Amino acid sequence: MKYDSVGKKIKDYRQKLNLTQQELADRVGVTWEMISRYERGKSSPFVQINEISKALNIHPSQLLQDNYKSSINRYEIPLFTSISTDLEFDVDTTQYFYTSPQWILEKDAFAFAVETRLVKINTLEIKDSGVLFISPTAISNTNSVVLVKGNNEIVCTRWLESSKNVLGVVLAQEIRFV
């Protein structure tokens, strides 16, 4: 992958957020000159890729994907079609991506999708068909539907003060009609 490809994406995402190079540099912890070098493809941004993506409120994969087209608004997030034996969602291990609504990534750059067939549904708000959009960083409250790690299963349920092992808050569900 060439530096100029990633640099163009950094510039496009920065401009979408109406950030100056200096503002992005302050968020990343580098100089504005370094941001300029990244955007022009003159320096490798890979050492700072996590900090840059966090500052731009996007997932690092959005900067690294080869199929990027700035004129098309595609918002891809990691998709889980299976669950690991430790009942964790490690976005670095999934090979699938799912196009989500733009607002999902605006709400949480680290959001991911889970097929509902993988979880036990314990709430009427969620149907047992489709995909759940999960925010691992959102704060749970009494109105939240969450994924929790249970005994040998992932459970989708209404959040309770006593809820432990919360894996994330359900932001939305895309239902599949068969």
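**Exercise 1. Find out how enclosed strand 1 is, and which strands pair with it.**

*Solution.* Start with burial: five of the five residues of strand 1 are buried, so this strand is largely enclosed by the rest of the structure. Here buried means under 20% relative accessible area, exposed means over 50%, and partly exposed covers what lies in between, with a 1.4 Å probe and protein chains only. Strands are DSSP runs of E with at least two residues, helices are runs of H or I with at least four, and both are numbered from the N terminus.

Before going on, a word on the model: it is predicted, so local features need pLDDT of at least 70 and side-chain atom pairs count only at pLDDT 80 or more, while totals for chains, interfaces and linings use all residues. Residues are numbered from 1 along each chain as its sequence is written, and side-chain values use heavy atoms, with hydrogens and water left out.

Next, look for partners, where pairing takes at least two DSSP bridges between two strands. Strand 2 runs antiparallel to strand 1, with four bridges between them, and Glu-76 sits opposite Thr-99 of strand 2. With strand 3 the sense is parallel, over two bridges; there, Leu-79 faces Ala-113.

**Exercise 2. Work through the aromatic pairs: which rings pair, and how are their planes set?**

*Solution.* First, the criterion: rings of Phe, Tyr and Trp (its six-membered ring) pair if their centres lie within 6.5 Å; planes under 30 degrees apart are stacked, over 60 edge-to-face, and the rest tilted. The structure holds five such pairs.

Take Phe-89 and Phe-112: their ring centres are 5.1 Å apart and the planes make 35 degrees, so this pair is tilted. Phe-89 comes from the loop between strand 1 (76–80) and strand 2, and Phe-112 from strand 3 (residues 112–115), so the pair links distant parts of the chain, 23 residues apart. Both Phe-89 and Phe-112 are buried.

Now Tyr-98 and Phe-133: this pair is tilted too, at 6.0 Å centre to centre and 50 degrees between the planes. Tyr-98 belongs to strand 2 and Phe-133 to strand 5 (residues 131–135), and 35 residues separate them in the chain. Tyr-98 and Phe-133 are both buried.

Last step, the grouping: Phe-80, Phe-89 and Phe-112 make up one aromatic cluster.

**Exercise 3. Track down salt bridges, and say which parts of the chain they link.**

*Solution.* Side chains of opposite charge can pair when their charged atoms come close. The cut-off is a side-chain nitrogen of Lys or Arg within 4 Å of a carboxyl oxygen of Asp or Glu. Searching the whole structure turns up six salt bridges; here are some of them.

- Lys-149 and Glu-88 have their closest N and O atoms 2.3 Å apart. Lys-149 is in strand 6 (residues 145–149) and Glu-88 in the loop between strand 1 and strand 2, so the bridge ties together parts 61 residues apart in sequence. Lys-149 is partly exposed at 25%, as is Glu-88 at 33%.
- Glu-153 and Lys-120 meet at 3.9 Å, N to O. This pair links the loop between strand 6 and strand 7 (154–158), home of Glu-153, to strand 4 (residues 120–121), home of Lys-120, 33 residues apart.
- Arg-158 and Glu-125 meet at 2.2 Å, N to O. Arg-158 lies in strand 7 and Glu-125 in the loop between strand 4 and strand 5, so parts 33 residues apart are tied together. Arg-158 is partly exposed at 26%, and Glu-125 is partly exposed at 42%.

**Exercise 4. Place Pro-101: where is it found, and which residues does it touch?**

*Solution.* Go to the loop between strand 2 (96–99) and helix 6 (102–107); Pro-101 is found there. With 31% relative accessibility, Pro-101 counts as partly exposed. For contacts, use heavy atoms within 4.5 Å: leaving aside residues up to four places away in sequence, Pro-101 touches Tyr-75 and Phe-133. As a distance check, the C-alpha atoms of Pro-101 and Pro-60 are 18 Å apart, with the two positions 41 residues apart along the chain.
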